[in-house]
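Here are a few exercises to work through with the viewer open. Try each one yourself before you read the solution.

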Amino acid sequence: MAKKAKCPICSHPIEIAEFLEIGNTVDCMQCDSVLRLIELDPPALDVDSLDDFEEDASEGDEY
Ligand SMILES: [Zn+2]
């Protein structure tokens, strides 16, 4: 049975798939925000800042 968490921005209920783990991100279909899973029991979401992802995605766009 899928768990649900609320979007911290628009309070839209978001289904947390069973394969998701803490640190994974999900998109809010309501407000289009990227949310990070910070708790599993109970599931909780926090707003993800895209800046944290720059390390992983080395696309070579240096200034
Ligand atoms: Zn939302």
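**Exercise 1. Work out what secondary structure the chain has.**

Start by reading along the sequence: the pattern is β-β-β-β-β. Counting the elements then gives zero helices and five strands. Keep in mind that this is a predicted model.

**Exercise 2. Find the strand order of the three-stranded sheet, and say why two of its strands have a free side.**

Step one is the pairing of E3 with E4, which spans residues 34-40; these two run antiparallel over three bridges. If you want a landmark, look at Val26, whose bridge partner in E4 is Leu35.

Step two is the pairing of E4 with E5, again antiparallel, this time over five bridges. Here a handy landmark is Glu39, which sits opposite Ala44 in E5.

Step three puts the pairs together: the sheet is open, with the order E3-E4-E5 and antiparallel pairing. E3 (25-27) and E5 (43-47) each have a single partner strand, so they are the edges, and one side of each lacks a neighbour in the sheet. As for twist, neighbouring strands are turned by 45° against each other on average, ignoring direction.

**Exercise 3. Trace the connections between these strands.**

Go from E3 to E4 to begin with. They form a hairpin with six residues between them, and in that turn Asp32 has a positive phi of about 70°. Carry on from E4 to E5, and you meet a hairpin that makes the join through two residues.

**Exercise 4. Which residues make up the largest nonpolar core, and which strands each supply at least two of them?**

First, the background: in soluble globular proteins, nonpolar side chains tend to be buried together.

Next, the members. The core has eight residues: Ala5, Ile14, Ile16, Val26, Cys28, Leu35, Leu37 and Leu45. Now match them to strands: E2 (13-16) and E4 each supply at least two residues of this core.

Then zoom in on Val26. Leaving out residues up to four places away in sequence, Val26 touches Ile14, Leu20, Leu35 and Leu37. Of these contacts, Leu35 is also the bridge partner of Val26.

**Exercise 5. Put numbers on burial and on long-range contacts.**

For burial, take the 63 residues of the protein: 13% of them are buried. For contacts, consider those with a separation of 6 or more; residues 24 or more positions apart account for 21% of them.

Notes: Residues numbered from 1 in each chain as written. Predicted model: local features only at pLDDT ≥ 70, side-chain atom pairs only at ≥ 80, totals over all residues. Pairing = 2+ DSSP bridges. Helix = DSSP H or I, 4+ residues; strand = E, 2+ residues; numbered from the N terminus. Axes fitted to C-alpha atoms, helices over the stretch in contact; angles between N-to-C directions. Core = buried A, V, L, I, M, F, W, Y, C linked by C-beta atoms within 7 Å. Buried ≥ 20, exposed ≤ 12 C-beta atoms within 10 Å, placed from the backbone. Contact = placed C-beta atoms within 7 Å.
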